[in-house]
Amino acid sequence: MRFSLALLLFCSCTYNEIEFICEPDEQVFAEVVQPIIESNCVSCHNQSSGLPPMLLTFEDVLDAVNEHSLKSQVNSLAMPPYGMEPLSQSEINIISNWADCE
């Protein structure tokens, strides 16, 4: 009975509503986080622009979380910069929750 209730609660939540006991997860990155990064960040943070940090791969984004304060940049609305389309609160939550797991 308890298992069924826990399963029901887990399945009824979206990724940005769940608190995790985390381990680094490249699959979650590829399925949920990478599309947000590609749509909103890679146009500036790529090889040709030269703007650090690069955000092209899982390893690049992990480095940005650990060495360039990606989570705080997103949460403070510093990124994307003024004049660019801002991230939705859902997108911010997804990146923040995923970064907490890394």
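L77 is exposed in this predicted model, with a relative accessibility of 56%. That value is over 50%, so the residue passes the cut-off for exposure. L77 is found in the loop between α4 and α5. Its backbone is notable in one respect: phi is positive, at about 65°, although L77 is not a glycine.

A positive phi also occurs at S69. Here phi is near 55°, again in a residue other than glycine. S69 is placed in the loop between α3 and α4. Its relative accessibility is 38%, so S69 counts as partly exposed.

The loop between α4 and α5, which holds L77, also holds P80. Helix α4 covers residues 70-75. The peptide bond from M79 to P80 is cis. Its omega is near -10°. A cis bond is also found from P52 to P53. Omega is near -10° there. P53 lies in the loop between α2 and α3.

Aromatic contacts were then examined. A search of the whole structure finds 3 aromatic pairs. F29 and F58 form an edge-to-face pair. Their ring centres are 5.4 Å apart, and the planes meet at 65°. The angle is over 60°, which means that the pair falls in the edge-to-face class. This contact links distant parts of the chain. F29 sits in helix α2, whereas F58 belongs to helix α3, residues 58-67. The two are 29 residues apart. Both F29 and F58 are buried.

F29 also pairs with W98. In this case the geometry is tilted. The centres are 5.3 Å apart, with 40° between the planes. The F29 and W98 pair likewise links distant parts of the chain. F29 is in helix α2, and W98 is in helix α5, residues 89-101. The separation in sequence is 69 residues.

How buried or exposed are the two partners, F29 and W98? F29 has a relative accessible area of 3%, so it is buried. W98 has a relative accessibility of 1% and therefore counts as buried. Both values fall under the 20% cut-off for burial. F29, F58 and W98 together form one aromatic cluster. Through its members, the cluster involves helices α2 and α3, as well as α5.

Helices α2 and α5 also hold another pair of residues. I94 is placed in helix α5, and helix α2 spans residues 26-40, a range that includes V32. I94 and V32 are 62 residues apart in sequence. In space, their C-alpha atoms are 7.7 Å apart. I94 is buried because its relative accessible area is 12%, under the 20% limit.

Charge on the surface was considered last. A negative surface patch is formed by D25, E26, E31 and E59. One of its members, E31, has its place in helix α2. E31 has a relative accessibility of 53%, over 50%, and so counts as exposed. Helix α2 thus carries residues of both kinds: F29 in this helix is buried, whereas E31 in the helix is exposed.

Conventions: Residues numbered from 1 in each chain as written. Predicted model: local features only at pLDDT ≥ 70, side-chain atom pairs only at ≥ 80, totals over all residues. Heavy atoms only, no water. Patch = residues over 30% accessible without salt bridge, like charges linked within 9 Å, V, L, I, M, F, W, Y side chains within 5 Å. Areas by Shrake-Rupley, 256 points an atom, 1.4 Å probe, with all protein chains shown as cover. Salt bridge = Lys/Arg side-chain N within 4 Å of Asp/Glu carboxyl O. Lys, Arg positive; Asp, Glu negative; His and termini not counted. Charge placed at Lys NZ, Arg CZ, Asp CG, Glu CD. Helix = DSSP H or I, 4+ residues; strand = E, 2+ residues; numbered from the N terminus. Buried < 20%, exposed > 50% of the residue type's maximum accessible area, 1.4 Å probe, protein only. Phe/Tyr/Trp six-rings, centres within 6.5 Å; stacked < 30°, edge-to-face > 60°.
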